[in-house]
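User: Please take a close look at the salt bridges in this structure. Which side chains form them, and how exposed are the partners?

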Amino acid sequence: YPNPFNPTVSIPFALPQQSEVLIAIYNLLGQEVFRESRSFEAGNHRFHFDANSSQSELVSGLYLIQMETEGNRYTRKMMLLK
């Protein structure tokens, strides 16, 4: 939330047990523009992403965020408007 976003977005998620979560963001060319891996306790969480502080300068457009845990992978679209 919000989607579209500028420049920050908050992604809520829940985990049934403690897990290592890999969070990756891709542009529509399939290039990875952000990657982070963290351990989270069981429960509800929010991942906050700031497009201005990412590893590469992001331009307006559609991006895919992928969250992966042990055996599960979720992909969602998000729109950056500058």
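Analyst: The following account takes the salt bridges one by one. This is a predicted model, in which local features need pLDDT of at least 70 and side-chain atom pairs count only at pLDDT 80 or more, while totals for chains, interfaces and linings use all residues. Residues are numbered from 1 along each chain as its sequence is written, and side-chain values use heavy atoms, with hydrogens and water left out.

A salt bridge is a side-chain nitrogen of Lys or Arg within 4 Å of a carboxyl oxygen of Asp or Glu. Side chains of opposite charge can pair when their charged atoms come close. The search of the whole structure yields three salt bridges.

One of them links Arg-35 to Glu-32, with 2.6 Å between the closest N and O atoms. Arg-35 has a relative accessible area of 41% and is therefore partly exposed (buried means under 20% relative accessible area, exposed over 50%, partly exposed in between, with a 1.4 Å probe and protein chains only). Glu-32 is also partly exposed, at 38%.

Another salt bridge joins the side chains of Arg-38 and Glu-36, at 2.6 Å from N to O. Arg-38 is partly exposed because its relative accessibility is 35%; Glu-36, with 25%, is likewise partly exposed.

In the remaining salt bridge, the side chain of Arg-73 meets that of Glu-68, with an N to O distance of 3.4 Å. Arg-73 has 53% relative accessibility, so this residue counts as exposed. Its partner, Glu-68, counts as partly exposed at 26%.
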